Amino acid sequence: MVMLQHKLSLKVSQRQILTPGLVQMVSVLALNKLELRDMITAEMVENPVLEELEDTVPLIDDVNRREEDRDRPAPEPSVTAPEEKKDPFEEIDFGSFFQDYLDPGYRSSREMEDIERPSFENFLSKPSTLTDHLVWQLGSIPMTSEVREAAELVLGNLNEDGYLIASDDELMGVVPASPPESDAAIVENVFKEATALGLSSVDAAADTAELAAVPEPEISGVDSSEGILSDELPVAAWNDPALISETASAGSATVATPEKAATPAVAPHPTFKPNFSLADLHEAMAVVRQLDPPGVGCRDLRECLLCQLRYHQQQLELHKNGNAEATAQVLADAVAIVDQHLRAVQNKQHKEIARALARPVEAVQQALDYIRTLDPRPGLQYNKTQPRLIEPDVAFVKHGDEWLVIMNDEDVPQLRLNPAYKRLLTKDGNDKDTRNYVKERYKSAIQLIKNIEQRKQTIAKVCYSILARQQDFLEKGIDELKPMMIKEVAEEIGVHPSTVSRAVSSKYVHTPQGVFELRYFFSESVNGPEGGNTSLLILKRRVKKIIEEEDPARPLTDEQITRILQSQGIQVTRRTVAKYREDMRIPSTHQRRIKK
């Protein structure tokens, strides 16, 4: 029988420990210029040893020189004639005093304009949202308390586009609220339908999204489930495997994602008991759909467009002009098309629509042109997202025949150590706790200054490596973009791929071709002509150009586009073409066909 007993055992092992300095090194590298400036400002507040080096602030050498001059005996002052003292009474501007504080009676408009007044924009605490705009309108409409409560509940369930994403059962408390994934699916379905209809407000969003989505660069050698790199990598400050726990999210598209564990069954959220009936809810929904902007409170694209068209019909009845009959007929055709033939519009079946409405094809085309002027996302008029401020961290500038990398350090505080705290370390009158505190703050300040300088050098090395590969892009345009992998740049400059990924994360560069994100230059490649490689971004542009040049009556299929690309020497498959076409939100062949 084996006896169980307690034992003490010693084991010697080597482990890589993530020190605070290395943590700060990784975090500083991933910051862009604006974030770095905020971080430096916060560090200067917390660490009294750090101070900003400005033109008005003397350097340490100047301070020491002044201290030496102060210790020297002062020279005898030379006898000079005393200056005449000015009468302070003569410096008072009595003219402005009487003009500002006494009432002269009548003032001209020019005199009134000279007085500075604060802008009314300074009194706005925040911009008005769609909910604020609707609540303000709701307060001026008389209704019962039950209907008002239901209307406020409807307003609380509108998404940023102005659509009602909750069902009647959810609003009545019969069933719990749906998960966010289903709400996102509803929004995506509305966007796809609006794109298929060719509505103008979504075309701009599609144009900015089709090429802005840069493929995530590949980072090999990383285990996404463990966050540990292969043992063959060199151990250094920027290559430390222990620092790379977030590589999978920093820029890897080929890292295998761990399978999701089975989520346990979650108990449904308790439902509430409203104080209104279903009839009150329907009345409240009708009231909300009458508010401005037209189209809010609807559940799908069809209801939204119908609401806007009926609003235009009401406005036409109130403000008739000489061309009212023709406009009224166009509106009537548009209402009939949206109400009954929306799917046929998405499939470009214009002749079938004209036959069903007993209207000529020209009238159907006029109605479709009018429909395309409607807003499929009316809530965005008030739920405007603030533009994100982008300030380039670097600039690619050509000086003669040589390309240079210019770091944009403007407005970034330049740090130095406060010499007054250094004297506290050598003063005999200070206690041990004070000296230890100053010593710790000094170490932290020196570490931060080193990390900022290391960040600058790493970004410069990565940018020069990009310049060596992308000079044709900088001189000729986007069609000359070469495929480039993060792993290649990492091997060239001697760091780990995750270091390059952090160095290009959220950072922008100013080039002769415009401002681009540094990650934009990294993309996978496909087999191009003459054995070369072609960037995936160029492949997307070629697919889009082929579709733009096709015959609308006989649009090309994905298989035909594949054969055209293969004839140009680009080896792709039909599934790849279909995937990139969907990424650019280009409709299918059936939806692009226009029957004449």
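Guide: Contact here means heavy atoms within 4.5 Å. The model is predicted.

Visitor: Which residues does Ile466 touch?

Guide: Leaving aside residues up to four places away in sequence, Ile466 touches Phe396, Met484, Leu518, Phe521 and Phe522. Ile466 also belongs to the largest nonpolar core, which has 31 residues. Along with Val394, Phe396, Val462, Val500, Phe521 and Phe522, Ile466 is among the members that touch the most others.

Visitor: Which elements give two or more residues to this core?

Guide: They are β4, β5, α19, α20 (471–476), α21 (486–493), α22 (497–504) and α23 (536–548). Helix α19 supplies the largest share, five residues. Apart from this core lies another, of 29 residues, including Tyr163, Leu305, Leu306 and Val338.

Visitor: What makes β5 and β8 edge strands?

Guide: Each of them pairs on one side only. They belong to an open sheet of four strands in the order β5-β4-β7-β8, with mixed pairing. Strand β5 covers 402–407 and β8 covers 514–517. On average, neighbouring strands of the sheet are turned by 25 degrees against each other, direction ignored.

Visitor: How do you know that β7 and β8 pair?

Guide: Two strands pair if at least two bridges are found between them. Strand β7 (residues 508–511) and β8 share four bridges, in the antiparallel sense, so they count as paired. His510 has Val515 in β8 as its bridge partner.

Visitor: What packs on the sheet?

Guide: Helix α19 (residues 432–469) does, touching β4 (394–399) and β5. The direction of α19 makes about 150 degrees with that of β5.

Visitor: Why is the pair of Asp168 and Arg299 called a salt bridge?

Guide: The cut-off is 4 Å between a side-chain nitrogen of Lys or Arg and a carboxyl oxygen of Asp or Glu. The closest N and O atoms of Asp168 and Arg299 are 2.7 Å apart, so the pair meets the definition. This salt bridge links distant parts of the chain, 131 residues apart: Asp168 is in helix α8 (residues 168–171), and Arg299 is in the loop between α12 (278–288) and α13 (301–318). A search of the whole structure finds 19 salt bridges.

Visitor: Is Asp168 buried, exposed or partly exposed, and what makes it so?

Guide: Buried means under 20% relative accessible area and exposed means over 50%. Asp168 has 22%, so Asp168 is partly exposed. Arg299, at 25%, is partly exposed too.

Visitor: What do Arg289 and Glu303 tie together?

Guide: Their side chains meet in a salt bridge of 3.3 Å, N to O. Arg289 lies in the loop between α12 and α13, and Glu303 lies in helix α13, so the pair ties together parts that are 14 residues apart in sequence. Arg289 is partly exposed at 25%, and Glu303 is partly exposed at 26%.

Visitor: Why is Asp333 called buried?

Guide: Asp333 has 8% relative accessibility against a limit of 20%, so Asp333 counts as buried. Arg359, its partner in a salt bridge of 3.2 Å, has 28% and is partly exposed. Arg359 is in the loop between α16 (350–357) and α17 (361–371), whereas Asp333 is in helix α14 (residues 324–340), 26 residues apart.

Visitor: Which residues are linked in a network of salt bridges?

Guide: Arg469, Glu488 and Glu492 are linked in such a network.

Notes
Residues numbered from 1 in each chain as written. Predicted model: local features only at pLDDT ≥ 70, side-chain atom pairs only at ≥ 80, totals over all residues. Heavy atoms only, no water. Axes fitted to C-alpha atoms, helices over the stretch in contact; angles between N-to-C directions. Core = buried A, V, L, I, M, F, W, Y, C linked by side-chain atoms within 4.5 Å. Buried < 20%, exposed > 50% of the residue type's maximum accessible area, 1.4 Å probe, protein only.
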